[in-house]
Amino acid sequence: KMGFNTIGDVANANPEVFVKEFKSMGIEIWNRANGIDESIVDSSEHKNKSISVSWTLDHDSDDIDYIKEVLLKQVDEVGRNLRRKKLYATVVAVTFKTYNFISYSKQTSVNNPINSNDEIYDEAIKLLYNAWNFEKIRNIGIRLSNFTAVKISQNDLFDDKKNNSDNEKIQNAVDKIKDKYGSDIINPASLLEKK
C-alpha cells in the first residue's frame, strides 16, 4: 500500500517514512533493508537437533528395489555425517511424498543408540514397509535425531550377534576412504549394476 515493491525500494527510502508509519519498528525495517543489524554475533557451536537428507526421485516409482537403493545411499550420507560428529542416534524417521503429493512420515526410537549404516538401514526399511502402501513415490528422505555422544548398549540375553566394535572400526575406515576419494569409491554390492 505504501508503494514499496522491493527491498531496494525500502533501502533507498527516507527512514522517517517508516518511523511515521510503524513507530520504533520502522527504523528496524529500514535498517534490515540496508543490511544493518546491531545484534551480537553468537559464534558458539549449536548442537544439531537432527541430521536428515531428502531427495526428489528422477521419476515417480513404486519399484521396491529402486526405493531401497535410494534409502541405502541416503543412509550412507546421514550415517557418515553422524559418525563425523561422533554421535549416536536414538530416533530414526523415514519421510516420503507420493506422486499425488500426499506426505507420510514414520519414526521409531531404538533401545540402543546407533550410528552404523547397517543398523540405520534396518530401521529405515522397517519404517518404510510400515508406512508405505506401494503407491508411486516422488520424494523420500531419512532423518536421525535424539543424539547422544555415548553408545550405551544393553545386550539381549538371546542375541547371538558379535560385539559391534569390529563393525564400527570397519565403518570408520570406509568413511575415511570415502572422505578422501569420494563417496562413490566404495559401495555395497547391492548397488552394483545388475548384468
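**Cores, surface patch and salt bridges in a predicted model**

Just after α2, lysine 23 adopts a positive phi of about 60°. I begin with that residue, and I should state at once that the model before you is predicted.

Let me stay with helix α2. At its start, a side-chain oxygen of asparagine 14 comes to within 2.9 Å of the backbone nitrogen of glutamate 16. Valine 17 is also found in α2, and with a relative accessible area of 35% valine 17 is partly exposed. Valine 17 belongs to a nonpolar surface patch of about 390 Å², made together with Met2, Phe22, Met25 and Ile29. Two elements, α2 (15-22) and α3 (24-33), each give two or more residues to the nonpolar patch.

Helix α3 also holds a salt bridge. The side chains of arginine 32 and glutamate 28 meet at 3.0 Å, N to O. Why are these two residues separated by about one helical turn? Arginine 32 and glutamate 28 are four residues apart in helix α3, and therefore about one turn separates them. In general, an α-helix has 3.6 residues a turn, so residues three or four places apart point the same way. Arginine 32 counts as exposed, at 53% relative accessibility, whereas glutamate 28, at 27%, counts as partly exposed.

I turn now to the interior. The largest nonpolar core has 31 residues, and Ile140 and Ile142 are those with the most contacts inside it. Two or more residues of this core come from each of β1 (50-61), α4 (64-84), β2 (88-98), β3 (103-114), α5 (117-131) and β4 (137-148). Which element gives the largest share of this core? Helix α4 does, with eight residues. Isoleucine 140 illustrates the packing: leaving aside neighbours within four places in sequence, its contacts include Val53, Trp55 and Leu57, then Ile67, Val70 and Leu71, and also Phe96 and Leu128. There is, in addition, a second, separate core of six residues, among them Val10, Ala11, Phe18 and Ala33.

Next, the salt bridges beyond α3. A search of the whole structure finds nine of them. Arginine 80 pairs with aspartate 179, the closest N and O atoms being 2.6 Å apart. Because arginine 80 lies in helix α4 and aspartate 179 in helix α6 (residues 165-181), the pair ties together parts that are 99 residues apart in sequence. Is each partner buried or partly exposed? Arginine 80 is buried, with a relative accessible area of 12%, while aspartate 179 counts as partly exposed at 45%. A network of salt bridges links Arg80, Arg84 and Asp179.

Another bridge joins glutamate 119 and lysine 151, with the closest N and O atoms 4.0 Å apart. This pair also links distant parts of the chain, since glutamate 119 is in helix α5 and lysine 151 in the loop between β4 and α6, 32 residues apart. Both partners are partly exposed: glutamate 119 has a relative accessibility of 22%, and lysine 151 has a relative accessible area of 24%.

Glutamate 119 leads me to my final residue, serine 116. The two side chains are joined by a polar contact of 3.0 Å. Serine 116 sits in the loop between β3 and α5, yet it counts as buried, at 2% relative accessibility. Which residues does serine 116 touch, not counting those up to four places away in sequence? They are Arg83, Asn167 and Gln171.

How values were computed:
Residues numbered from 1 in each chain as written. Predicted model: local features only at pLDDT ≥ 70, side-chain atom pairs only at ≥ 80, totals over all residues. Heavy atoms only, no water. Core = buried A, V, L, I, M, F, W, Y, C linked by side-chain atoms within 4.5 Å. Buried < 20%, exposed > 50% of the residue type's maximum accessible area, 1.4 Å probe, protein only. Contact = heavy atoms within 4.5 Å. Polar contact = N/O pair within 3.5 Å; in protein donor to acceptor, adjacent residues only side chain to side chain. Patch = residues over 30% accessible without salt bridge, like charges linked within 9 Å, V, L, I, M, F, W, Y side chains within 5 Å. Areas by Shrake-Rupley, 256 points an atom, 1.4 Å probe, with all protein chains shown as cover.
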